[in-house]
Amino acid sequence: QTTSDNFLRVLPQVKESLENCTFVAIDTEFTALPSGEQQENSLDTLEERYAKWRKYISKTLVLQFGLSVWKQTTEGYTVRTFSFYIFPNAYPLPGIYQNFTYEFQVSGFNFLSRNSFDFNKAIKKGISYIRKHEQNRNQEFKWERKPFTSEDEKMLAEILKKVADWRSSGASEPLVLSANRYDRSKIYQKLEDSFDDLWMETIDYQIHVTKIDCTREEYKQKLLSEAVGFRHVIDAIIESNKPVIGHNCLLDFFLVIQQFISPLPPTYYGFGEQIRSIFPQVVDTKYLVKYHPKIKDKFSEYETSLEHLYT
């Protein structure tokens with residue numbers, strides 16, 4: 001099981017396995033299933049059904065992601081399986097705030113509990129992430145530069161002296177600066193212009209200044225890579241361009257795209273274009289069992305669950 005404690009050690013193994021594999025299989029565990037008005041109706045059009053799923057998906061959280069990486073050999077197949085606990089961080093980076101609200105369904109939690117799911121581990125040790133468009137927004141984020149007034153210059157001169165004294169003292173603890181929200185952006189601007197070996201972030205409405213052993217841009221890219229978190233796995237699956245196998249997996253792909261890549265498009269046609277561009281080779285084993293001419297006659301219409309297929 002992979003958590004935030006060992007994720008950075010496991011990630012290179014995941015990437016290496018994906019580079020050399022034949023295909024991959026995925027599965028997700030999440031917080032709720034469609035209920036009430038979100039449930040499908042046999043009279044729904046594809047667009048109506050998609051609209052229901054899209055509304056439901058936006059309130060559902062993936063807590064665990066299973067990945068099996070299969071490689072064909074002369075003797076058959078070898079497989080390596082990874083299980084990731086996942087949970088978002090409300091403040092993964094300065095400029096990113098993802099304090100989302102999700103739905104937790106009693107029956108879903110009952111199912112996970114019966115199967116020994118560790119909720120404490122998921123919440124406390126879950127691997128955080130940011131979506132691709134959030135990463136791009138952070139890379140483009142810059143403080144709005146404003147001209148300083150004479151009062152600003154006086155305040156900033158005092159701040160610079162305090163920071164210079166702290167730097168020369170050899171203190172290892174961060175320097176904490178109290179400032180109102182109107183002054184914070186000015187302090188950031190002045191410190192960024194004056195020092196390239198300091199990192200600033202706002203915690204509990206105070207500016208915490210830390211010494212770094214690289215340039216600020218290098219440090220920012222390091223933090224950004226860490227904040228990407230579990231999405232490194234999704235990116236590696238996409239970049240491998242290998243077939244992705246699932247069972248009754250449309251919901252899994254809805255969740256993966258919505259949670260780790262970008263919001264689902266407003267139309268069913270748009271989603272079709274989106275998933276083909278991201279995962280061009282998808283195989284759903286439930287679909288094969290129900291409709292493939294060489295397979296469907298071996299199973300009854302009531303024997304399409306993974307349990308029946310495995311036995």
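Which residue takes a positive phi just after α9? Asn 241 does, at about 55 degrees. I'll come back to that residue. First, the frame. Keep in mind that this is a predicted model.

The overall picture, then. The protein chain has 13 helices and 8 strands. The C-alpha trace spans about 80 × 50 × 35 Å along its principal axes. The chain runs to 311 residues, and 41% of them count as buried. Now the contacts. Take those between residues at least 6 apart in sequence: 70% of them join residues at least 24 apart.

Back to α9. This helix covers 231-240. It is mostly covered, with 8 of its 10 residues buried. Here is the list: Arg 231, His 232, Val 233, Ile 234, Asp 235, Ala 236, Ile 237 and Ser 240. Note that the list includes Arg 231 and Asp 235.

Next comes the loop. Asn 241 sits between α9 and β7, and β7 is 244-246. Most residues other than glycine have a negative phi. Asn 241 is not a glycine, yet its phi is positive. Is the residue buried or exposed? Neither, in fact: Asn 241 is partly exposed, because its relative accessible area is 45%, between the 20% and 50% cut-offs.

There is a second case on the other side of β7. Asn 248 lies in the loop between β7 and α10, which is 250-261. Asn 248 also is not a glycine, and its phi is positive, about 50 degrees. Its relative accessibility is 48%, so Asn 248 counts as partly exposed.

Now, empty space. How many cavities of 30 Å³ or more are there? The count comes to 1. The largest cavity has a volume of about 40 Å³. Asn 241 turns up again here, in the lining. Alongside Asn 241 are Ile 237, Ile 238, Lys 242, Val 244, Ile 278, Phe 279 and Pro 280. By type, that lining is 6 nonpolar, 1 polar and 1 charged.

On to the pockets. The largest pocket has a volume of about 1000 Å³. It is lined by 34 residues, and the closest to its centre are Asp 27, Thr 28, Glu 29, His 247 and Leu 306. Which element gives the largest share of that lining? β1 does, with 6 residues. Several other elements supply at least two residues each, among them β2, β3, α3 and α13. β7 and α10 are also on that list. The lining divides into 15 nonpolar, 15 polar and 4 charged.

The second largest pocket has a volume of about 820 Å³. Its lining has 26 residues. Nearest the centre are Leu 250, Leu 251, Phe 254, Tyr 268 and Asp 284. Here the largest share comes from α11, with 7 residues. α2, α10, β8 and α12 each supply at least two residues as well. By type, this lining has 17 nonpolar, 2 polar and 7 charged residues. So set the two linings side by side, because the split by type is worth a look: 15 polar residues in the largest pocket, 2 in the second largest, under a grouping that counts Gly as polar. Two elements to follow on the screen are α10 and α12. Both help line the largest pocket, and both help line the second largest.

Now Cys 21. It lies in the loop between α1, which is 7-19, and β1. Cys 21 is buried, because its relative accessible area is 7%. What does Cys 21 touch, leaving aside neighbours within four places in sequence? Val 69, Trp 70, Lys 71 and Lys 242. Look at Lys 71. Cys 21 and Lys 71 are 50 residues apart in sequence, but their C-alpha atoms are 4.5 Å apart. And Lys 242 we have met already, in the lining of the largest cavity.

Last topic: rings. The count is 23 aromatic pairs. Ring pairs join one cluster made of Phe 7, Phe 65, Phe 82, Phe 84, Tyr 129, Phe 230 and Phe 260. Phe 230 comes directly ahead of α9 in numbering, as that helix is 231-240. One charge over a ring, too. The charged end of Lys 211 sits over the ring of Trp 166, and the distance from the ring centre is 5.1 Å.

That's the tour. Back to the opening residue: Asn 241 has its positive phi just after α9, and Asn 241 also lines the largest cavity.

How values were computed. Residues numbered from 1 in each chain as written. Predicted model: local features only at pLDDT ≥ 70, side-chain atom pairs only at ≥ 80, totals over all residues. Heavy atoms only, no water. Helix = DSSP H or I, 4+ residues; strand = E, 2+ residues; numbered from the N terminus. Buried < 20%, exposed > 50% of the residue type's maximum accessible area, 1.4 Å probe, protein only. Phe/Tyr/Trp six-rings, centres within 6.5 Å; stacked < 30°, edge-to-face > 60°. Lys NZ or Arg CZ within 6 Å of the ring centre and 35° of its normal. 1 Å grid on protein atoms, 1.4 Å probe; cavity = no way out; pocket = protein on both sides within 12 Å on 5 of 7 lines; lining within 4 Å. Points joined across faces, edges and corners; volume = space filled by probe spheres on them. Contact = heavy atoms within 4.5 Å.
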